[in-house]
Each structure stands twice: as C-alpha cells, then as structure tokens.
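Welcome to a short tour of this structure. Please keep the sequence and the 3D view open while you read.

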Amino acid sequence: MTNHELMQEDLKYIFHPCSQMKDHEKLPLIPIKKAKGSYIEDYDGNRYLDCISSWWVNLFGHSNEYINSRIRDQLEDLEHVIFAGFTHKPAIDLARRLVALTPEPLKKIFFADNGSSAIEISLKMSFQYFKNRGEERPLFVSLQNSYHGETMGALAVSDTGLYKDIYKDILIKTVQAASPALVSEDEAIESMRSVLQEHHGKVSSVVIEPLVQCAGSMQMYGATYIAKLRTLCDEFGVFLIADEVAVGFGRTGTMFAIEQAGISPDFLCLSKGITGGYMPLSVVMFTNDIYNAFYCDYNEGKSFLDSHSYTGNTIACATANAVLDIFEQENVIENNKSKIAFIARETEKFKRLKNVKEVRQCGMICAIELQGYSAQERIGLHVFQEALKQGVYIRPLGHIIYFMPPYCFSEDELLKMIETTYEIVNKML
Ligand SMILES: Cc1ncc(COP(=O)(O)O)c(C=O)c1O
C-alpha cells in the first residue's frame with residue numbers, strides 16, 4: 001500500500017492525539033512502515049531522522065537488536081499477568097534496580113502505564129497520606145508554565161493554557177507559583193514561599209519538572225532552585241514530587257535530573273524513556289515513610305486502592321530491564337557527554353541569526369526559540385514541513401524548534417539534524 005492509500009483509510013476511522021484533524025486536509029499523515037536505529041520509514045520508502053525520539057521516548061534507536069531479543073525471550077515465558085496478588089521477576093528486578101539507581105530515601109515503587117497516571121498516583125498518594133493521619137490537604141502546588149499530562153489531575157497541576165483552559169471549571173484545585181525558568185531563582189522561591197504561607201496546612205504536595213519544562217516551550221532552569229525548593233517543602237511539611245517523565249533516563253546529562261540538585265524528592269515519577277520507547281510503562285517511587293502510611297489492617301480503610309489493568313506489564317518490565325542493561329554495559333551517560341558538547345558547538349551559529357531569540361540546552365535537549373513571527377503564521381509548522389522534505393523529523397512547539405534525539409545518533413546524524421534546520425531558519429530571514 002502507498003502512503004496516500006493508508007492515509008485515506010486512517011482518516012475514515014482515527015482521531016489522532018494532540019492534532020486538529022482538519023489540518024490533514026492539507027497536511028498529509030505519514031503512515032510508518034518500519035524503523036531502524038535513528039530512522040523511521042514510510043510506505044513510499046521515504047526515511048526520516050527521528051530528532052524528537054518519537055515524543056521523547058526512544059533512547060537507543062528503533063528496533064534495537066538487544067531490546068528486541070530480550071522482548072522475544074520474555075514473550076516465550078509470560079506476556080502479562082494481573083499484578084494484584086501476583087508478581088513476576090521482571091518487575092522485581094526492575095524495582096530493585098531503580099531503587100539502587102535513585103537517591104537513598106526512595107525505597108518503594110508503584111507501577112502504572114503512562115506518565116499522566118504516574119502523576120495521578122503521586123497526587124492521590126500525597127493527599128491520602130495526610131488524610132490517613134486525619135489531615136485534610138486538598139491543594140496541590142505546581143509551577144507556572146508546567147506540563148504534567150492530560151488526565152484530569154495531571155492537567156490540573158499543569159499550566160499550559162492551550163491544553164488546560166477549556167477544562168478549568170471541572171478540575172481539582174491547584175495553585176501555580178512562579179517558574180524559575182521565567183523569573184529569577186530568588187523570585188521563584190519567594191513566590192513559592194508566599195503560596196505555601198497563604199495556603200499553610202492545606203497543601204499536600206508541590207510538583208515540578210526538574211530542570212526542563214519540556215512541553216512549556218523547553219524552558220530551562222538551574223538545579224539550585226530544586227535544592228532550595230526541597231528545603232522550603234521541608235519547612236512547610238509538604239511533599240515534593242519530581243516529575244521526571246520527560247527528563248529521566250539521561251536526557252539532562254545525568255541519569256536523573258534531581259541528581260544535579262543533590263536532593264531526593266518524596267515522589268519520583270518516571271515513564272517515557274523507561275522502556276527506551278517500546279512499551280507504555282511508568283513508575284512512582286517514594287519513601288518507606290509514605291509506604292508505611294498505607295500499611296495497616298484492611299478494615300482500617302487506609303489502603304491505597306489505585307490500579308490499572310496493565311499495571312506492571314511483564315513485557316514492559318522486561319523491556320525496561322533491557323534498557324537498564326544498555327545503560328550499564330555501554331556507559332551511556334559518560335558517552336553522551338561528547339554528544340552534548342557537539343550539539344552545543346554546532347548550534348552556536350543559530351545565535352547569530354536575527355530571527356533567533358535564544359538557543360538553550362540542557363544535556364541532550366536543545367531548543368531554538370524563534371522571534372518576529374505571529375502565532376497565526378504557524379512558523380513551527382513551516383519548519384516542520386521543510387525539514388520533513390529533507391528527511392529530518394522535528395516537531396516544533398509553536399515558534400520553539402527543539403532537538404531531543406535518541407542517544408544512538410552519530411555525529412553525522414546530529415549534524416544533519418542541526419544543519420538542515422539551520423538552513424531552513426536562515427532562509428526564512
Ligand atoms: C513532564 C511530563 N509529565 C507527564 C507527562 C505525561 O505523560 P504521558 O503522555 O505518558 O501521559 C508528560 C508528557 O509529555 C511530560 O512531559
């Protein structure tokens with residue numbers, strides 16, 4: 001079948017995520033037939049360099065031989081089993097390994113199957129922790145410009161109007177403090193302090209995206225804010241939730257972004273890269289103190305009864321173990337350092353273009369903010385289409401072009417990604 005034939009079939013039935021389907025009257029959908037390494041390939045044989053890791057999930061390339069083999073092995077034994085009352089070795093191995101990789105106080109793990117669900121779980125748990133102790137704390141605090149997912153709780157702690165505003169009347173109550181990515185660190189801490197003071201005794205937790213507010217235009221801030229926020233949360237007796245759904249597993253240059261702040265959150269949410277872009281899986285990690293708040297006789301009514309049908313899916317856990325094997329065996333975090341430096345060097349030239357406001361980078365994430373275009377021009381869409389013609393797949397956020405490549409990209413591939421984009425942006429002047 002051809003791209004066109006498949007697109008026609010698709011449009012008869014499917015409503016795609018984060019899409020205005022009318023756009024596809026002019027903008028073709030791209031049916032993907034196969035993918036290998038850094039490239040995805042459509043039904044007409046066009047190949048595209050996957051510069052955004054298929055929505056920030058892919059780490060070691062498509063159809064990775066090692067991950068494929070570990071999935072095949074797991075399929076022979078067990079694909080999935082109910083995770084209430086049953087368990088399996090891939091989940092146990094994964095839990096043990098994640099506990100070993102994360103800060104000391106994070107000792108226990110709750111499994112789910114996507115990033116938004118992990119956020120929901122951390123919000124519910126933090127609320128119920130206090131409820132189990134006889135305290136009502138119905139409020140959650142997050143940062144301006146934050147994004148934590150699309151389910152109602154995750155949306156409520158988000159601050160990206162484009163996704164949230166329409167639902168504001170039916171969301172749980174949250175308060176947003178100033179983002180350190182948009183104001184100075186001191187102002188952001190003061191803003192957080194005044195929010196926590198104003199709502200003292202009512203807040204269960206503060207949730208942040210450490211170092212990079214990804215969906216919020218790839219806005220970045222320093223690790224010292226996180227360390228100061230940790231102190232503030234302790235002062236006010238509220239939990240700190242680190243949402244590393246997007247930035248975990250090496251994206252910011254360290255395995256987890258919180259490492260750069262030298263602190264431990266009370267909850268750590270992980271997803272996306274956890275399975276290297278293969279399977280839906282997420283985890284919420286938390287302390288023994290939190291675990292113990294739910295540990296009681298069943299009839300006491302303090303149990304945490306959250307569940308999803310695919311919680312702890314066996315193949316997903318086996319895949320995540322394969323991903324951790326690669327991190328260990330291939331010294332990935334160390335090897336990425338030269339790629340991070342390469343991206344920094346090669347994107348320098350964007351700074352000299354008049355239509356570029358800023359180039360920012362945090363580890364393997366690099367954003368180029370354009371200026372001088374109105375929202376109606378949909379300049380990001382133009383860049384996307386031009387790059388695609390040249391076999392480079394990027395997906396700008398409005399006027400923010402960004403790169404978040406898988407770690408398997410060679411220097412030649414990184415260069416192709418950067419040079420192609422540079423030529424397009426330069427031509428727009
Ligand atoms: C920081 C952050 N948290 C949560 C989510 C939601 O994850 P999911 O799309 O798997 O529900 C995202 C998704 O992009 C994210 O970037």
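Contact here means heavy atoms within 4.5 Å. This is a predicted model, in which local features need pLDDT of at least 70 and side-chain atom pairs count only at pLDDT 80 or more, while totals for chains, interfaces and linings use all residues. Residues are numbered from 1 along each chain as its sequence is written, and side-chain values use heavy atoms, with hydrogens and water left out.

**Around Q176**

Q176 sits in strand β6 (residues 174-177); strands are DSSP runs of E with at least two residues, and helices are runs of H or I with at least four, each numbered from the N terminus. Neighbours within four places in sequence aside, Q176 is in contact with S142, L143, Q144, A156, V157, S158, D159, K164 and V195. S142 also shares a polar contact of 2.8 Å with Q176, side chain to side chain. A polar contact is a pair of N or O atoms within 3.5 Å; within protein, one must be able to donate a hydrogen and the other to accept it, and residues adjacent in sequence count only if both atoms are side-chain atoms. The side chain of T174 makes a polar contact of 3.1 Å with that of Q176.

**Around the ligand**

The residues surrounding the ligand (a heavy atom within 4 Å) are W56, N114, G115, S116, Y147, H148, G149, E209, D243, V245, A246 and K272. Here are three of the atom pairs.

| Ligand atom | Protein partner | Distance |
|---|---|---|
| oxygen | G115, polar backbone atom | 2.8 Å |
| nitrogen | D243, side-chain N or O atom | 2.6 Å |
| oxygen | K272, side-chain N or O atom | 3.1 Å |

**Helix α8 with helix α9**

How do these two helices cross? The axes of α8 (residues 185-198) and α9 (residues 223-236) come within 10 Å and cross at roughly 20°. Axes are lines fitted to C-alpha atoms, for helices over the stretch in contact, and angles run from 0 to 180 degrees between N-to-C directions. Angles under 35 degrees count as roughly parallel, and α8 and α9 are therefore roughly parallel to each other. The contact is made by E185, D186, A188, I189, M192, R193, L196 and Q197 of α8, and by T224, Y225, K228, L229, L232, E235 and F236 of α9. These residues divide into eight nonpolar, two polar and five charged. Ala, Val, Leu, Ile, Met, Phe, Trp, Tyr, Cys and Pro count as nonpolar, Asp, Glu, Lys and Arg as charged, and the others, Gly among them, as polar.

Conventions
Parallel < 35°, antiparallel > 145°, perpendicular 65-115°, else oblique.
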